[in-house]
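Here is a friendly walk through one protein model and its ligand shell. Have the sequence and the structure open as you read.

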Amino acid sequence: MKLKFTKMHGVGNDFVVIDAISQSVSLSPEVIRQLADRHLGIGFDQLLLVERARGNADFRYRIFNADGGEVEQCGNGARCFVRFVHDHGLTDQQTIRVETIRGIITPTLEENGEITVNMGIPRLDPAEVPFTAQQRALTYPLQIDDHSVEITVLSMGNPHAVQIVPDIELAPVAGEGPMIESHPAFPQRVNAGYMQIIDRSHIRLRVFERGAGETMACGTGACAAVVSGILRGVLDNQVLVSMRGGDLRICWLGENQPVWMTGPAVTVFEGVIDLRDSGQRRRD
Ligand SMILES: N[C@@H](CCC[C@H](N)C(=O)O)C(=O)O
């Protein structure tokens with residue numbers, strides 16, 4: 001079966017986006033893992049499926065990590081989704097309503113080509129993350145091997161654990177990130193964020209993503225880090241988040257308010273892949 005796809009990125013977080021409205025698409029987790037392989041497949045952090053809405057939204061949007069698991073939310077993916085449906089003539093609306101597993105998001109294509117997304121209200125109750133703490137707290141100690149880290153835990157539709165570090169370049173993202181990601185306190189695993197405060201309106205951020213490893217940028221991670229910094233009293237309401245792949249602008253006015261994210265989305269190339277060949281790309 002031949003499948004048309006578009007390779008895109010949002011500040012370096014890369015995607016394969018597939019129109020599942022005009023093509024019939026059924027991808028097992030194993031095929032997604034093969035396609036995600038950067039040597040034997042196409043290579044991506046996440047795969048996005050553009051589908052017809054089931055309710056009264058304009059589209060449905062499904063997100064799969066490179067490990068083949070379906071997840072609830074993806075900030076950089078939401079911006080690429082908007083660029084994709086516009087470039088492919090699937091809509092001419094500036095603001096579109098998109099169904100995700102965790103409800104509807106409403107991204108807007110701005111005049112300058114950037115995309116602003118209402119990412120929804122952050123969930124701070126541990127049970128909603130999910131996180132095993134009994135009560136809500138500003139930060140929680142998390143025991144990792146022989147040391148403990150102080151994390152803020154919240155859901156942006158997907159789970160995040162954010163810690164403040166003095167220097168992002170020295171943060172133990174590769175060594176510690178996987179241990180936080182699969183810590184038993186997070187029954188559905190978690191995205192592990194490391195934030196360096198530059199000043200009250202600027203942070204640097206690295207994220208070890210659940211199901212994908214460290215990425216060049218994480219949109220929901222940027223939202224979670226800013227919410228964490230505002231709750232801790234070290235950030236203002238509007239923050240520039242600098243990641244290895246580029247910058248996002250995040251705005252949050254406080255509890256029970258949605259988080260707003262603005263940034264670019266870029267198409268890299270269009271392609272066609274023959275899924276009948278994908279079994280031969282396996283390493284095992
Ligand atoms: N890169 C994304 C987040 C993708 C999902 C995440 N890895 C998860 O498992 O929750 C973003 O830009 O938000």
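Helix 2 is a mostly covered helix, with eleven of its 13 residues buried. Buried here means that 20 or more other C-beta atoms lie within 10 Å of the residue's own; 12 or fewer would make it exposed, anything in between partly exposed, and C-beta atoms are placed from the backbone. Helices (H or I, at least four residues) and strands (E, at least two) are DSSP runs, numbered from the N terminus.

Two notes on the source come before the details. This is a predicted model, in which local features need pLDDT of at least 70 and side-chain atom pairs count only at pLDDT 80 or more, while totals for chains, interfaces and linings use all residues. Residues are numbered from 1 along each chain as its sequence is written.

**Two helices**

The buried residues of helix 2 are G75, N76, G77, A78, R79, C80, F81, V82, R83, F84 and V85. At 1.5 Å a residue, its 13 residues should span 18 Å, and the end C-alpha atoms are 19 Å apart, which agrees. The expected span is 1.5 Å times one less than the number of residues. After helix 2 comes G89, with a positive phi near 70°.

Helix 4 is mostly covered too, with twelve of its 13 residues buried. Those are G219, T220, G221, A222, C223, A224, A225, V226, V227, S228, G229 and I230. From first C-alpha to last, helix 4 reaches 18 Å, close to the 18 Å expected at 1.5 Å a residue. The residue with positive phi that follows helix 4 is G233, near 80°.

**The ligand shell**

How many residues surround the ligand? There are 19, and the closest are N76, N158, R210, G219 and T220. A residue counts as near the ligand if its C-beta atom, placed from the backbone, lies within 6 Å of it. The elements giving two or more residues to this shell are helix 2 (75-87) and helix 4 (219-231). Helix 2 gives the most, with three residues.

By type, the shell has four nonpolar, twelve polar and three charged residues. In this count Ala, Val, Leu, Ile, Met, Phe, Trp, Tyr, Cys and Pro are nonpolar, Asp, Glu, Lys and Arg are charged, and the others, Gly among them, are polar.

UniProt, in an unreviewed entry, places the feature "binding site" at N13, Q46, N65, G75, N76, N158, N191, E209, R210, G219 and T220. UniProt positions are given in the numbering used here, with shortened feature names, and annotations may be inferred rather than shown by experiment.

**Four residues to look at**

The unreviewed UniProt entry lists C74 and C218 for "active site". The two span 145 residues in sequence, yet no two of their C-alpha atoms are more than 7.8 Å apart, so they gather at one spot. Below, they stand beside R210 and G219, with the number of other C-beta atoms within 10 Å.

| Residue | Place | C-beta atoms within 10 Å |
|---|---|---|
| C74 | loop between strand 5 (70-71) and helix 2 | 29, buried |
| R210 | loop between strand 13 (202-209) and strand 14 (213-215) | 25, buried |
| C218 | loop between strand 14 and helix 4 | 35, buried |
| G219 | helix 4 | 29, buried |

What do these residues touch? Contact means C-beta atoms, placed from the backbone, within 7 Å. Not counting residues up to four places away in sequence, C74 touches Q46, I63, G219 and T220. On the same terms, C218 touches N13, N191, V207 and E209. With that exclusion again, R210 touches N65, E181, R189, V190 and N191. G219, counted likewise, touches G10, C74, G75, N76, A78, L248 and M261.

**Two domains**

The chain is assigned domain 1 (2-114 + 265-281) and domain 2 (126-257), with bounds from an automatic or database domain assignment. Their C-alpha centres lie 24 Å apart. Across the boundary, 19 residues of domain 1 are in contact with 21 residues of domain 2. Helix 2 supplies the largest share of the domain 1 side, three residues. That side divides into five nonpolar, ten polar and four charged residues.

Which domains does the ligand shell draw on? At least three residues come from each of domain 1 and domain 2.

Note on methods:
Contact = placed C-beta atoms within 7 Å.
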